[in-house]
Amino acid sequence: MPPLVAPSILAADFARLGEQVRQAEEAGANRIHVDVMDGHFVPNISIGPLVVQALKPVTKLRLETHLMISNPDQYLDAFAAAGSTSLQVHWEGNLHVHRTIQRIRAMGLGAGIVINPATPASVLQEILPDVNIVLVMTVNPGFGGQKFITSTLDKIKRVREMIDRHNPTCELEVDGGIDAHTAPLAFAAGATVFVAGSSVFGHPQGIAAGIKAIQESA
Ligand code: DX5
Ligand code: ZN
């Protein structure tokens, strides 16, 4: 399986967002990763449903929406209405994440569970059969441009084993500090989908070169 690349628009030029997403699609991006931050769950504020809605007519790619927000349940409907194709919610800080995942599935959207670097793979065990994607954070969420945390590689391997055993069609995605150097490490550990912000939108030779570098490195 070739690596799937999900450019994170957090690193895009917001004054030219539509154009940059179009460029990413033309360059072979497999989906668009939308980072939603509320200044509470993470110490940064980014974007909300309006931006998803604005991008919907711009691209045919899936808009996977990574919710780094407190009380995600309150916003699921708004993102679904805006055009998100999958919603990814954190295990951390959600006492009823099973219910959240079931609600996302009931809306007909892809359901993803996300775990932070300090969260063990073992918390996934009960929810794994219910999700379409596991997202292992390879940085602490909140900011783009951070350094890949190498100690997450062993966890990616453990998650890969769990997926193969309990839900083989589930995707395994990594997010944070992914570039042509770190993607091969995560790929070897079993990741299949690669979120990349800075290394795509900030690539010195442009967006297409950034996507190609990740695809070829893995
Ligand atoms: C981090 C976000 C990431 C981030 C990745 O909180 O979830 O998606 O945008 O950015 P880079 O690729 O720059 O580490
Ligand atoms: Zn993300």
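Two strands count as paired if DSSP finds at least two bridges between them, and the strands themselves, like the helices, are DSSP runs (E, at least two residues, for a strand; H or I, at least four, for a helix), numbered from the N terminus. With that in hand, look at V136 in β6: the bridge partner of V136 in β7 is V174.

Before going on, a word on what you're looking at. This is a predicted model, in which local features need pLDDT of at least 70 and side-chain atom pairs count only at pLDDT 80 or more, while totals for chains, interfaces and linings use all residues. Residues are numbered from 1 along each chain as its sequence is written, chains are lettered from A and ligands numbered from 1 in the order in which they are written, and side-chain values use heavy atoms, with hydrogens and water left out.

Let's stay with β6, which spans residues 133-137. How many of its residues are buried? Five of the five are, so the strand is largely enclosed by the rest of the structure. Here buried means under 20% relative accessible area, exposed means over 50%, and partly exposed is in between, using a 1.4 Å probe and protein chains only. In a regular strand the side chains alternate between the two faces of the sheet. In β6, I133, L135 and M137 sit on one side, V134 and V136 on the other, and both faces are covered.

β6 has strand company too. It pairs with β5 (residues 110-115) in the parallel sense over four bridges, and I113 stands opposite V134. Five bridges join β6 to β7 (residues 171-175), and these two also run parallel. Between them comes a helix: β6, α5 (residues 152-166) and β7 make a right-handed β-α-β unit. Right-handed here means that, with the strands pointing away from you, the path from the first strand over the helix to the second runs clockwise.

Now hop over to β1, residues 4-7. L4 and A6 point one way, V5 and P7 the other, and all are buried. Four bridges join β1 to β8 (residues 193-196), with the two strands parallel, and P7 has A196 as its bridge partner. A196 is itself buried, at 1% relative accessibility. Leaving aside neighbours within four places in sequence, A196 is in contact (heavy atoms within 4.5 Å) with A6, P7, S8, I178 and I214. A196 and L10 are 186 residues apart in sequence, yet their C-alpha atoms are 9.5 Å apart in space.

I214 brings us to the helices, since I214 is one of the buried residues of α8, along with I207, G210 and I211. They cover an arc of only 95 degrees around the axis (taken from the directions from the helix axis to the C-beta atoms), which puts them on the same side of α8. An α-helix has 3.6 residues a turn, so residues three or four places apart point the same way. What covers the buried residues of α8 includes β1, α1, α6 (183-189), β8 and α7.

Helix α1 (residues 17-26) tells a similar story, with L17, Q20, V21 and A24 buried. Their arc is only 100 degrees, which puts them on the same side of α1. Those residues pack against β1, β2 (31-37), α2 (49-55), α7 (198-201) and α8 (207-217). After α1 comes G28, whose phi is positive, near 100 degrees.

G28 has a counterpart in N71, which has a positive phi of about 50 degrees although it is not a glycine. N71 is found in the loop between β3 (62-68) and α3 (76-82), and is partly exposed, with a relative accessible area of 44%. By contrast, S86 in β4 (residues 86-90) is buried at 12%. Beyond its sequence neighbours within four places, S86 touches L63, E64, T65, L109 and G110.

Finally, where does ligand 1 sit? It is surrounded by 20 residues, and the closest are D35, G142, D175, G197 and S198; a residue counts as near if one of its heavy atoms lies within 4 Å. There are polar contacts as well, meaning pairs of N or O atoms within 3.5 Å; within protein, one must be able to donate a hydrogen and the other to accept it, and residues adjacent in sequence count only if both atoms are side-chain atoms. A backbone N or O atom of G145 lies 2.8 Å from an oxygen atom of the ligand, and one of G197 lies 2.7 Å from a ligand oxygen. S198 joins in through a polar side-chain atom, 2.4 Å from an oxygen atom of ligand 1.
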